[in-house]
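Colleague: Please take one part of this model and look at it closely, then show me what lies around it. I am new to this, so explain each term as you go.

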Amino acid sequence: MPAKLSVNVNAIAMLRNRRDLPWPSVTGLGRLALAAGAHGLTVHPRPDQRHIRFSDVPELRALIDDEFPKAEFNIEGYPSEDFLQLVEKHQPEQVTLVPDDPSQATSDHGWDFAAQAGLLKPVVARLKKGGFRVSLFADADPSGVNAARDTGADRIELFTGPYGACHDDPAGAEKQLEMLGKTADAAIAAGLAVNAGHDLVVDNLPLLMRGIPKLAEVSIGHGLTADALEYGMTGTIKRYLKACGW
């Protein structure tokens, strides 16, 4: 089964924010991605708004509602009260909770589900009551899967950063993929669907798809945006969809 492609537009927003100008347009490039066949858009609005701004969120929500009603909006972030209120206001189809400190440059680890159950369970319950599908950022560690399930979440999103970092190390990539596959198998056996994201590119997606054949969705931003500088957004989306099995 192919994995759905959600385009993370944070890197586009970061490039825009280098100048006090409206380009590149986050909404405009999001439109191109969806028109080319992407299944959704992802944003990670951080408190300092260093890439996605809070004002981008309603514009992207409106883009999907008005022009691509079959696409999904995924908002990811640390479950602070401000974040939860943002989510509840703009009604994404999926909320992905990550254990980011505001000072982090990017997400670099998953939740410790057992240790942070007291935080996660009421947040997940609140989001599920609001009608949102909830995914939790997870390391490649099968032992944490049951605790992730016990939070009430619907999915985990596998942190694939260590796998992506092995771009010049095939043996290391195989080792990382083995752990990702074991974690995915355990999650699926526990009743959780599996997403993946971080440092995924056209070259490493096919191997990931073979290692996790029931992968539901990938969220890709940095590598995809870099490729768009060379191939254009439309051409890049087509390349990534092919790598995802479409």
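Modeller: The lining of the second largest pocket consists of seven nonpolar, three polar and four charged residues (nonpolar covers Ala, Val, Leu, Ile, Met, Phe, Trp, Tyr, Cys and Pro, charged covers Asp, Glu, Lys and Arg, and the others, Gly among them, are polar). This is a predicted model, in which local features need pLDDT of at least 70 and side-chain atom pairs count only at pLDDT 80 or more, while totals for chains, interfaces and linings use all residues. Residues are numbered from 1 along each chain as its sequence is written, and side-chain values use heavy atoms, with hydrogens and water left out.

The second largest pocket has 14 lining residues, and those that lie nearest its centre are Pro45, Arg46, Pro47, Ser80 and Phe83. Its space comes to about 270 Å³, and helix H4, residues 81-90, gives the most to its lining, with three residues. On a 1 Å grid over the protein atoms alone, a pocket is an open set of points with protein on both sides within 12 Å along at least five of seven lines, a cavity is a set where a 1.4 Å probe fits but cannot get out, and lining residues have an atom within 4 Å of a point. Helices (H or I, at least four residues) and strands (E, at least two) are DSSP runs numbered from the N terminus.

The strands of this model form a closed barrel of eight, running E1-E2-E3-E4-E5-E6-E7-E8 with parallel pairing, and the twist from one strand to the next averages 25 degrees. Strand E3, residues 72-77, pairs in the parallel sense with strand E4, residues 94-97, over four bridges (at least two DSSP bridges make a pair), and isoleucine 75 stands opposite valine 95 in E4. Helix H3, residues 56-67, packs on the sheet, where it touches strand E2 (40-43) and E3, and its direction makes about 155 degrees with that of E3 (angles run from 0 to 180 degrees between N-to-C directions, with axes fitted to C-alpha atoms, for helices over the stretch in contact).

There is also a closed space to consider, the largest cavity, which holds about 60 Å³ (a volume is the space filled by probe spheres set on the points). Its lining is formed by Lys4, Leu5, Ser6, His39, Gly40, Glu72, Asn74, Gln94 and Glu217; strand E1 (4-8) and E3 are the elements that give two or more residues to it, and E1 gives the most, with three. By class, the lining of this cavity divides into one nonpolar, five polar and three charged residues.

In the loop between E2 and H3 sits glutamine 49, which has a positive phi of about 55 degrees although it is not a glycine. H3 has a helix partner as well, since the axes of H2 and H3 come within 10 Å and cross at roughly 35 degrees. In that packing, Val26, Thr27, Gly30, Arg31 and Leu34 in H2 meet Glu59, Leu60, Leu63, Ile64 and Glu67 in H3 (contact means heavy atoms within 4.5 Å), a set with five nonpolar, two polar and three charged residues.

Helix H2 (residues 26-35) also packs with helix H10 (residues 222-243), at an angle of about 40 degrees and with the axes 8 Å apart. There Leu29, Leu32 and Ala33 in H2 meet Met233, Thr234 and Ile237 in H10, giving five nonpolar, one polar and no charged residues. Finally, the loop between helix H1 (10-16) and H2 holds proline 24, which a cis peptide bond joins to tryptophan 23, with omega about -5 degrees.
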